[in-house]
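Reader: I'd like to learn how to read a few features of a protein model. Can you walk me through them?

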Amino acid sequence: MTTLPWPPDWRRPPLSGWLGVVLFGALAAFLALAAAIAATSRQWVAVAVIGGVLLLLAPIAAVSRPRRPVSAAEVSLDLDGRRQTGVRIPVLPTSPLVSLALAILGLAILGLGVAALVIAATDGDWAAVVGFVVLLVVGSVLALGGIVGLIASRRRLGLDLTPSHLVVGLGGDPVELTWEQIDRIGTTSVRYGFALAPVQNWLTVATREPVPAGPSSRRAAALGRMTSTAPAHTAAAIPAQRLGADPVLVYHALRYYLERADARPELGSGAALRRLAAGEVVR
């Protein structure tokens, strides 16, 4: 973790660091045990509710985990018809292990739903059909989310900084912006609706001119869930927890190269990687 100034408008997630990991792990283990006990008593609705709670806890635990050190690498890409060398800060897809766990959990809940339906048909206890429907919905959501995450985890995503461009790749076609097109690097934060939920911090890239919108545009792919709420001048929005480096460092690095045109040529050499590793990105 760097000692750089905390970005404006960002909120620190509650229970951050290893304390949060331990507490959430202990709570998840307790809930898993409760779900197993409920399953032995054929309380299928209770099992489904516990599965839903675990689903809500997953993103909280992910945001609260300790941040990784800076991770950046040299990259070569074609921009405006010529080959350029730059620096790539990886953007992480959903972890394959998390996606696999979600898929397995979803399939297990679907299996419990089928068991509830069989019991209802065998014993004539049609009250169990309610449990079957709940388990079917929860299991399908978890399984589908896990499968989508496994597919997405195979993509190479990242923020590419070159002497002339910032390229935002969050899935789909990347957004390619010259530094002159960018007006500012901003920050925003979204808090979830329940009391103990974490916040989700975002980096935003605002341009001098409005960016073409539309469901199939590159801007839509780079905005993700903020597509419907982002102003027209916002070209991209990057969730901070998906960055493969300390988000605070990434925020200051983007601002540094946006405001220091004389420093951009070093993005084509190893000097930028050394600057990022040292955290020397504040004027």
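Author: Sure, and let's begin with the naming of elements: helices (at least four residues) and strands (at least two) are DSSP runs, numbered from the N terminus. Keep in mind that this is a predicted model.

Reader: Okay, so which helix gives the most to the nonpolar patch?

Author: That's H2, with three residues. The patch itself is a nonpolar surface area of about 350 Å², made by Val45, Val49, Val53, Val130 and Val134. Helix H2 spans 44-64 and helix H4 spans 128-152, and each of them supplies at least two residues of the patch.

Reader: Take Val134, then. Where is Val134 found?

Author: In helix H4. Val134 counts as partly exposed, since its relative accessibility is 30%.

Reader: Now the aromatics. How do I read a pair of rings?

Author: You describe a pair of aromatic rings by two things, the distance of the centres and the angle of the planes. For the label, planes over 60 degrees apart count as edge-to-face, as long as the centres lie within 6.5 Å.

Reader: And how many aromatic pairs does that rule give here?

Author: The count comes to three aromatic pairs. One of them joins Trp6 and Trp10, which sit 6.1 Å apart centre to centre with 70° between the planes, an edge-to-face arrangement.

Reader: Are those two tryptophans buried or exposed?

Author: They split. Trp6 is partly exposed because its relative accessibility is 30%, while Trp10 is buried, at 7%. The cut-off you need is that buried means under 20% relative accessible area.

Reader: What about the pair of Tyr256 and Tyr257?

Author: Their ring centres are 5.2 Å apart and the planes stand at 90°, so this pair is edge-to-face too. Tyr256 is buried with 6% relative accessibility, and Tyr257 is buried with 0%.

Reader: Which residues do ring pairs link into a cluster?

Author: Trp6, Trp10 and Tyr251.

Reader: Last one: how do I read a residue in a loop? Where is Thr162 found?

Author: First place the residue between its neighbouring elements, then check its exposure and its contacts. Thr162 is in the loop between strand E3 (158-161) and strand E4 (165-169). With a relative accessibility of 0%, Thr162 counts as buried.

Reader: And what does Thr162 touch?

Author: Leaving out residues up to four places away in sequence, Thr162 touches Leu77, Leu79, Gln84, Thr85, Gly86, Trp179 and Leu267.

Terms used: Residues numbered from 1 in each chain as written. Predicted model: local features only at pLDDT ≥ 70, side-chain atom pairs only at ≥ 80, totals over all residues. Heavy atoms only, no water. Phe/Tyr/Trp six-rings, centres within 6.5 Å; stacked < 30°, edge-to-face > 60°. Buried < 20%, exposed > 50% of the residue type's maximum accessible area, 1.4 Å probe, protein only. Patch = residues over 30% accessible without salt bridge, like charges linked within 9 Å, V, L, I, M, F, W, Y side chains within 5 Å. Areas by Shrake-Rupley, 256 points an atom, 1.4 Å probe, with all protein chains shown as cover. Salt bridge = Lys/Arg side-chain N within 4 Å of Asp/Glu carboxyl O. Contact = heavy atoms within 4.5 Å.
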